[in-house]
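Student: Before we turn to the details, I should like to understand how the descriptive terms are justified.

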Amino acid sequence: MNKVYEFITDILMPNRCPCCYKVIRYNELVCKECIKKLPIYNAEDKTVPAGCSAVICAFVYKDSAKNGVLALKKSWGYSFAEYSAKILSERLEGCGAELITSVPTTKRKLRNKGWNQADVIAKALSKEMDIPCDLKLLVRAESAQQQHELHAGERASHAREIYSISKRHKNITDKRILLVDDICTTGATFSACADLLNSLGAKDIIAVSVCRTLKER
Ligand SMILES: [Zn+2]
């Protein structure tokens with residue numbers, strides 16, 4: 001893009017930071033101030049969801065990282081998925097994964113909203129790491145309750161009820177798979193989905209999320 005087009009793009013289609021909504025340049029993903037402030041996750045929580053061999057996260061779910069994930073849920077935060085994919089790919093370097101998939105949403109939600117934020121992150125990570133992406137391995141059934149509305153103890157059984165293997169799934173035997181979601185809270189969703197992928201013969205499952213919630217101290 002030449003300088004004139006860059007200038008016109010910045011004026012006519014101003015790009016905004018997904019974390020603070022400030023106007024940024026057309027080629028920026030997150031503003032410089034937010035990049036400095038993003039709460040990097042340093043594996044403070046050592047718990048690996050059952051059924052997974054590891055869990056890799058980019059940020060702690062708070063402050064500007066929380067704003068970024070919320071923007072992604074509302075559609076205009078795609079650049080936050082791209083930025084997070086860069087951080088995650090550095091953390092996953094040399095992991096040997098052969099396939100990327102995501103935690104699915106319901107058909108109705110996908111139809112009404114138009115996208116699943118976990119799919120958006122999975123696709124961004126697939127592009128960043130040059131690893132193929134298959135978003136049709138698992139399905140999520142309709143449920144009266146949202147996973148985040150449940151207590152920690154109820155989440156595991158609920159997650160096992162709502163996720164299942166897609167009838168159209170491809171062969172994943174002996175593949176190391178990155179299972180992507182936006183937020184890891186109790187790890188119950190990752191566990192339920194990882195068990196399903198393991199039952200299909202996957203070699204192992206690495207849980208990957210943009211944010212991880214930490215217990216209040
Ligand atoms: Zn910002």
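Tutor: The discussion below takes the terms one by one, for a model that is predicted.

Student: How do you know that the radius of gyration of the chain agrees with that of a compact globule?

Tutor: The rule multiplies 2.2 Å by the number of residues to the power 0.38. For 217 residues this gives a value near 17 Å, and the chain has 18 Å, which agrees. The C-alpha atoms fill a box of roughly 55 × 40 × 35 Å along the principal axes.

Student: What makes a residue count as buried, and what percentage of the chain is buried?

Tutor: A residue is buried if 20 or more other C-beta atoms lie within 10 Å of its own. By that criterion, buried residues make up 40% of the 217 residues.

Student: Why are β3 and β4 said to stand at the edges of their sheet?

Tutor: Pairing requires at least two bridges between two strands. The open sheet has the order β3-β8-β7-β4, with parallel pairing. β3 (54-60) and β4 (99-102) each have a single partner strand, so one side of each lacks a neighbour in the sheet.

Student: What makes β4 and β7 a pair?

Tutor: Four bridges join β4 to β7 (residues 176-184), whereas at least two are required, so the criterion is met. Within this pair, I100 stands opposite L178 in β7.

Student: Which strands does helix α6 touch?

Tutor: Helix α6 (residues 117-129) packs on the sheet and touches β4, β7 and β8. Its direction makes about 135° with that of β7.

Terms used
Residues numbered from 1 in each chain as written. Predicted model: local features only at pLDDT ≥ 70, side-chain atom pairs only at ≥ 80, totals over all residues. Buried ≥ 20, exposed ≤ 12 C-beta atoms within 10 Å, placed from the backbone. Contact = placed C-beta atoms within 7 Å. Axes fitted to C-alpha atoms, helices over the stretch in contact; angles between N-to-C directions.
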